[in-house]
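Please open the structure in your viewer and keep the sequence beside it, since this tour moves from one selection to the next.

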Amino acid sequence: MVILLGFIPCSSIAEMWQPSEARSWVQADMPAGWSVSVDSNETVKPDDVTIKAISPDMNSRLTYILTHSPDPMSINEIQQFQNRYMSQLGFRICQTKEPVREESLDHTAYRQTYVRGSDDAAVIGTITYPGWGVGHYILVMEGPEAVKQYYESIPPQIIGHIKPVNTSLPA
């Protein structure tokens with residue numbers, strides 16, 4: 001009997017994801033190996049949840065702010081929210097990176113890059129599904145190594161890891 005063992009190379013741990021929170025209305029995944037905490041109060045605000053994760057090297061944080069609501073956000077409202085939120089963290093819009101905008105029949109998504117000083121970067125994105133709600137995600141990378149490791153790999157994947165479970169809201 002011959003047993004073959006193989007190794008599938010993985011360029012980054014950010015390519016692997018793990019479920020971090022499941023509700024009747026959302027499934028949210030975080031990169032594997034990241035420490036995750038969930039902030040919610042299902043009794044008082046069952047339609048709001050905040051999920052926070054920190055990278056194994058402690059140099060990057062990923063936060064999801066999820067709201068189950070019938071009201072989608074317009075691109076203008078998304079931009080205002082993102083600018084206000086990132087300004088509170090001390091970031092400003094990166095002038096050299098164009099925003100990523102995606103509009104389809106079932107959702108609208110918008111992602112923008114921000115910087116703080118010369119070493120820190122952040123990506124904030126919002127996805128809104130009509131009749132379901134809004135999901136914001138914020139990836140803050142502190143230092144050039146964190147930016148190099150996570151900037152290209154995590155943000156493009158996040159939209160596939162905040163999944164609406166039920167796109168209709170109770171009356």
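Begin by selecting Gln18, whose bridge partner in β2 is Met30; strands here are DSSP runs (E, at least two residues), numbered from the N terminus. The model is a predicted one, in which local features need pLDDT of at least 70, side-chain atom pairs count only at pLDDT 80 or more, and totals for chains, interfaces and linings use all residues. Residues are numbered from 1 along each chain as its sequence is written, and side-chain values use heavy atoms, with hydrogens and water left out.

Widen the selection to β1 and to β2 (residues 26–31), which run antiparallel and are joined by 5 bridges; two strands pair if DSSP finds at least two bridges between them. Adding β11 gives an open sheet of 3 strands, in the order β1-β2-β11, with antiparallel pairing. Because β1 (17–22) and β11 (162–164) stand at the edges with a single partner strand each, one side of each is left without a neighbour in the sheet.

Next, select Cys94, which is found in the loop between β6 (92–93) and β7 (100–103). Is Cys94 buried or exposed? Its relative accessibility is 11%, so Cys94 counts as buried, a term that means under 20% relative accessible area, with exposed meaning over 50% and partly exposed in between (1.4 Å probe, protein chains only). Now show Gln112, which lies 18 residues from Cys94 along the chain, with 8.1 Å between the C-alpha atoms of the two. Beyond its neighbours within four places in sequence, Cys94 is in contact (heavy atoms within 4.5 Å) with Gln112, Thr113, Tyr114 and Val115.

Notes: Helices (H or I, at least four residues) and strands (E, at least two) are DSSP runs, numbered from the N terminus.
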